[in-house]
Structures are given as C-alpha cells and as structure tokens.
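Student: Could you take me through one helix of this chain and what surrounds it? Please keep it brisk.

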Amino acid sequence: MAEHKSKLESVREWVVQNKLRTVGSLWLSGIAGSIAYNWSQPGMKTSVKIIHARLHAQALTLAALAGAAVVEYYDHKSGSKTERYAKFLPADPYTHKD
C-alpha cells in the first residue's frame with residue numbers, strides 16, 4: 001500500500017520544492033495584509049501607509065528567506081536533497097565516449 005502523507009507533510013514537501021514561490025506568496029500576502037491594516041488607521045498620509053506596508057512586507061520576506069535557508073540547511077544535512085538529485089546525475093561521471 002502507498003503511504004498516506006499527512007497534510008502537514010504534504011505542505012512541507014511543497015514548500016521544499018517551491019521555496020521562491022513560497023517567499024513571493026508570503027511577500028504578496030504580507031503587503032496586502034499590511035495595506036489593509038494601515039488603511040484602517042486614520043490620521044496617516046497615504047504615502048506613510050504605503051511605506052509602512054512595504055516595511056512590514058520586507059520584514060516578512062526576510063523572515064521567510066531565513067526560514068527557507070533553515071529548510072535548505074536541514075534538507076542538505078539530512079541527505080534527502082542528495083537523494084532527490086541523484087536520479088538526474090550519471091552513476092559514473094568520469095565515463096566518456098571514445
């Protein structure tokens with residue numbers, strides 16, 4: 001029987017395979033959420049609201065990049081990345097045709 005993955009394991013696997021897409025999605029959702037929050041704050045100029053939204057999204061992006069780096073580190077340390085790319089590499093890299 002095939003092993004059934006949990007929802008969390010499926011999400012983790014998708015994040016490992018799509019790190020940049022994950023960071024971009026977090027940036028987009030961060031800027032959208034920050035703009036929505038800042039628009040509810042009266043007494044601030046529009047330019048200040050946009051600057052705050054950009055700063056919040058930038059902080060969220062840095063946190064997401066740090067998280068992607070941690071995932072990459074543990075993925076490399078566990079050896080699963082090596083297994084994932086091994087199927088694309090030749091078994092003997094020093095063989096050549098005459």
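Tutor: Start with the length of helix α3. The 33 residues of α3 should span 48 Å at 1.5 Å a residue, and its end C-alpha atoms are indeed 48 Å apart. That expected span is 1.5 Å times one less than the number of residues. The model is a predicted one: local features need pLDDT of at least 70, side-chain atom pairs count only at pLDDT 80 or more, and totals for chains, interfaces and linings use all residues. Residues are numbered from 1 along each chain as its sequence is written, and side-chain values use heavy atoms, with hydrogens and water left out.

Now the setting. The chain has 4 helices and 0 strands. From the N terminus on, its elements run α-α-α-α. Helices (H or I, at least four residues) and strands (E, at least two) are DSSP runs, numbered from the N terminus. Of the 98 residues of the chain, 18% count as buried. Buried means under 20% relative accessible area, exposed means over 50%, and partly exposed lies in between (1.4 Å probe, protein chains only).

Take α2 as the part to study. It covers residues 19-39, which makes 21 residues. From its first C-alpha to its last, α2 reaches 30 Å, close to the 30 Å expected at 1.5 Å a residue. Its buried residues are K19, T22, V23, G30, I31, S34 and N38. Seen down the axis of α2, these buried residues fall within an arc of 160°, so they line one face of the helix. The arc is that of the directions from the helix axis to the C-beta atoms. On the face turned away from the buried side, α2 carries the exposed residues R21, L28 and A36.

What do the buried residues of α2 pack against? Their partners are α1 (7-17) and α3 (46-78).

Look at α1 to begin with. α1 and α2 pack at an angle of about 100°, with their axes 5 Å apart. Axes are lines fitted to C-alpha atoms, for helices over the stretch in contact, and angles run from 0 to 180 degrees between N-to-C directions. That angle makes α1 roughly perpendicular to α2. Angles under 35 degrees count as roughly parallel, over 145 as roughly antiparallel, 65 to 115 as roughly perpendicular and the rest as oblique. On the α1 side, W14, V15, V16 and Q17 make the contact; on the α2 side, K19, R21 and T22 do. Contact means heavy atoms within 4.5 Å. The residues of this contact divide into 3 nonpolar, 2 polar and 2 charged. Ala, Val, Leu, Ile, Met, Phe, Trp, Tyr, Cys and Pro count as nonpolar, Asp, Glu, Lys and Arg as charged, and the others, Gly among them, as polar.

Turn to α3. Its buried residues are K49, A53, A57, T61, A64, A68 and D75. N38 of α2 is a good place to see the two helices meet. N38 counts as buried, at 3% relative accessibility. Leaving aside neighbours within four places in sequence, N38 is in contact with M44, K49, H52, A53 and H56. K49 sits in α3. K49 is buried too, with a relative accessible area of 10%. With the neighbours within four places again left aside, K49 is in contact with N38, W39, Q41 and M44.

Two other residues of α3 give distances to α2. R54 lies in α3 and counts as partly exposed, at 44% relative accessibility. R54 and G30 are 24 residues apart in sequence and 8.7 Å apart in space, C-alpha to C-alpha. A66, also found in α3, is partly exposed with a relative accessible area of 44%. A66 and V23 are 43 residues apart in sequence, and their C-alpha atoms are 10.0 Å apart in space.
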